[in-house]
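This report examines one protein chain together with its ligand. The sequence and the structure are shown first.

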Amino acid sequence: MNWDKEADVVVIGAGATGLPAAIQAREDGAPVIVIDANWDVGGHAILSGGNVPLGGGTSAQKKHGIVDSPDLLFSDLTDWSVVESNGFPDYRYNDREIIRAFADQSAPTYEWLVAHGVVFGDRSPDNRGAGATGNSALRENHVAPMDWPLMQTGKPAAPEMRTMGSSGVGLIRPLEAAARKAGVQILLQHRMTSLVRENPTAGRVLGISASNEGKTVSIRARKGVIIATGGHASNVNFRRMFDPRLTEEYCGVAGEPYTSQDASGEIAAMAIGASLWGLFNQTGEFGSGITKPNKVGTQYGYVNLTWLPSSPVFPRARAIGLPVRDWQDLILVNQAGVRFYDETKGQFTSNRYNGVSNYVPGSYLNAANIKYAPANFLNAALAGTGDGTNGGGPIWAIFDHEAVIREGWTVAPPHVDREAGFFFSGDTIAELARNIVNKYQRKPMPAAALEQTVAKYNSYVDAGKDPDFGKPGPQYKIQTPPFYAGWATPVPHDTRAGLRINAKCEVIDLNGNVIPGLYCGGESAGGFSQHGLARCTVQGRIAGKNAARAESER
Ligand SMILES: Cc1cc2nc3c(=O)[nH]c(=O)nc-3n(C[C@H](O)[C@H](O)[C@H](O)COP(=O)(O)OP(=O)(O)OC[C@H]3O[C@@H](n4cnc5c(N)ncnc54)[C@H](O)[C@@H]3O)c2cc1C
């Protein structure tokens with residue numbers, strides 16, 4: 001190889017995993033290069049709500065009298081007996097070795113983040129934003145956005161929110177500053193295209209190839225390469241390995257269009273022999289693997305992310321979306337113009353503090369005590385129309401002028417995306433159906449079917465009952481023109497399965513052996529079913545530490 005650049009440790013991705021990895025490795029003495037494909041650092045993390053479930057006895061937990069320990073955290077996150085009300089277990093398939101490492105490093109990582117400039121709101125850890133965080137203790141901490149401009153608005157948070165709000169920008173910008181201060185070299189607009197190993201599937205990982213402005217850049221890693229690329233939710237072929245239903249129309253991935261989770265880390269590692277791990281966690285029906293949008297009329301309807309025109313990302317996002325306050329104001333139909341479920345129903349749930357009452361760790365009674373309540377909204381949306389294709393096709397919110405008034409919506413750009421085909425109107429229901437033209441709408445919506453659906457629904461409003469799907473007391477007829485159709489298709493979000501790693505975040509191959517010189521953490525790593533930032537920051541630090549102390553390649 002002719003190397004263009006070199007360092008001891010090369011980190012791919014400057015998000016929630018990559019920045020802690022880089023700082024840790026640098027502070028442990030290793031020269032470090034971080035590359036990121038994007039034009040700025042932060043990945044999904046900078047857009048995130050900044051709710052960070054680090055527990056196991058943090059100083060914040062102690063200050064507020066919350067009893068927790070690494071053992072309690074480990075016990076919580078490996079408890080086979082905790083199941084959701086639809087019967088799916090949150091923790092059963094977590095890898096014990098990976099969770100032990102997380103439990104031991106969780107509280108130290110909280111203190112480490114504080115020591116590296118991250119400000120957590122001065123209040124008790126709570127349950128806000130929590131999911132799969134363990135049943136026994138409050139563990140959710142909230143990062144103060146301070147004065148940093150939010151990526152989704154281009155502006156700092158409102159003054160009253162700066163210390164008491166919660167946003168990932170308050171995590172990423174201090175870590176970026178700490179990384180630069182420590183001497184980490186950050187190369188933006190560098191996309192890793194492959195990993196370089198001594199032999200195709202044997203020997204040590206020597207470095208990476210990346211592309212930058214059309215040129216190939218080869219970067220040697222004397223000690224280790226850390227994959228921190230953030231998972232696979234945006235890669236249609238990759239995500240369909242876990243769930244064949246997740247076809248192209250699920251194009252509003254949370255975090256896009258700032259960064260996409262394109263599985264490039266997983267694919268590059270698999271090409272040199274790496275194994276995947278903990279695959280049940282990707283399809284287990286809990287948490288936020290796939291979510292119900294709360295905004296309609298835009299491609300990007302994720303509940304916790306609203307793009308405003310002042311954001312530097314807005315030209316790509318194109319619309320703010322119409323936030324839905326009351327699902328009684330609309331119906332949801334599939335591409336055939338037919339309702340499929342009670343619109344007021346939500347998405348999958350996940351366990352958190354006190355989610356199981358009378359909790360006894362590891363007891364079958366925990367499952368016996370839950371009330372079975374299948375959460376089928378998303379499955380109904382993904383089921384499709386029986387036309388022999390995979391994927392449920394587009395889901396459209398159908399509503400009328402009266403609904404617009406009740407919700408206080410403005411049905412014009414920049415609130416809705418007419419131009420790219422995510423919002424339509426018509427003076428009659430039939431005209432509305434005919435106007436719907438979207439690249440994912442496999443067949444035109446039959447006007448008669450939509451007319452029939454609306455007429456039937458209006459009769460349910462008269463009757464005060466929805467015999468088809470049990471929507472509680474349907475309230476409003478859809479009868480006053482103009483009529484509207486807004487994109488409301490489910491949103492992929494979390495990646496909860498990825499590369500096989502061990503407790504040191506070393507990547508493992510298909511034969512169960514460590515791939516020397518290759519590390520991974522965060523959403524690209526498997527074996528740990530928990531949403532977000534805690535596992536990423538902890539595993540980033542673990543990977544950085546172990547890569548820095550690895551033997552140098554000669
Ligand atoms: C809107 C939103 C809200 C969220 N809120 C929360 C929350 O409140 N609490 C919580 O715990 N979690 C939250 N999350 C989830 C959390 O942000 C992610 O789990 C976390 O950021 C994942 O970290 P990561 O390091 O794996 O990936 P990321 O943070 O996404 O970083 C990956 C980086 O890798 C780069 N990259 C990818 N491929 C390449 C390549 N080939 N070459 C070079 N660079 C590459 C990307 O550009 C990106 O910068 C939220 C996510 C979103 C989208």
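The sections below treat the domains, the ligand shell, three helices and several backbone features of this predicted model.

## Domain organisation

The chain is divided into two domains, each assembled from two segments: domain 1 comprises 5-284 + 493-548, and domain 2 comprises 293-345 + 396-487. Their C-alpha centres lie 35 Å apart. Contact between the domains involves 16 residues of domain 1 and 17 residues of domain 2. On the side of domain 1 that touches domain 2, the residues divide into six nonpolar, six polar and four charged.

## The shell around the ligand

The ligand is surrounded by 44 residues, and the closest are G13, G15, G43, G230 and G532. Four elements give two or more residues to this shell: the helices α2 (43-47) and α16 (533-548), and the strands β3 (51-53) and β6 (191-199). The largest share, four residues, comes from α2.

By residue class, the shell consists of 16 nonpolar, 24 polar and four charged residues. Both domain 1 and domain 2 give residues to the shell, and the ligand therefore lies between them.

## Helix α1, an enclosed element

Helix α1 spans residues 18-27, and nine of its 10 residues are buried, so the helix is largely enclosed by the rest of the structure. The buried residues are G18, L19, P20, A21, A22, I23, Q24, A25 and R26. Their cover includes the strands β1 (5-12), β2 (32-35) and β8 (215-227), together with the helices α6 and α16. After α1 comes G29, which has a positive phi near 105°.

## I542 in helix α16

Helix α16, one of the elements that cover the buried residues of α1, contains I542. This residue counts as buried because it has 27 C-beta neighbours inside 10 Å. Although I542 and Q24 are 518 residues apart in sequence, their C-alpha atoms are 8.2 Å apart in space. Q24 is itself among the buried residues of α1.

Neighbours within four places in sequence aside, the contacts of I542 are A101, Q105, K504, C505 and G521.

## Helix α15, with a buried face

Helix α15 runs over residues 447-463. At 1.5 Å a residue, its 17 residues should span 24 Å, and the end C-alpha atoms are indeed 24 Å apart, so the expected and modelled spans agree. The buried residues of α15 are L450, T453, V454 and Y457. Viewed down the helix axis, these residues fall within an arc of 95°, and therefore line one face of the helix.

The buried residues of α15 pack against the strands β13 (331-333) and β14 (396-400) and against helix α14 (429-435). On the other side of the helix, A448, S459, D462 and A463 are exposed. Just after α15, G464 takes a positive phi of about 70°.

## Cis peptide bonds and positive phi values

Most residues other than glycine have a negative phi, and most peptide bonds are trans. The exceptions described here include two cis peptide bonds between prolines. The bond from P413 to P414 is cis, with omega near 5°, and P414 is placed in the loop between α13 (401-407) and β15 (423-426). The bond from P481 to P482 is likewise cis, with omega near -5°. P482 lies in the loop between α15 and β16 (483-487).

Positive phi values also occur at residues other than glycine. A132 has a phi of about 55° and is found in the loop between α5 (96-115) and β4 (140-142). With 30 C-beta neighbours inside 10 Å, A132 counts as buried. M146 has a positive phi near 50° and is placed in the loop between β4 and α6 (169-182). M146 is partly exposed, since 19 other C-beta atoms lie within 10 Å, where a buried residue would need 20 or more.

Notes: Residues are numbered from 1 along each chain as its sequence is written. This is a predicted model: local features need pLDDT of at least 70, side-chain atom pairs count only at pLDDT 80 or more; totals for chains, interfaces and linings use all residues. A residue is near a molecule or strand if its C-beta atom, placed from the backbone, lies within 6 Å of it. Ala, Val, Leu, Ile, Met, Phe, Trp, Tyr, Cys and Pro count as nonpolar, Asp, Glu, Lys and Arg as charged, and the others, Gly among them, as polar. Domain bounds come from an automatic or database domain assignment. The expected span of a helix is 1.5 Å times one less than its number of residues. A residue is buried if 20 or more other C-beta atoms lie within 10 Å of its own, exposed if 12 or fewer, and partly exposed in between; C-beta atoms are placed from the backbone. The arc is that of the directions from the helix axis to the C-beta atoms. Two residues are in contact if their C-beta atoms, placed from the backbone, lie within 7 Å.
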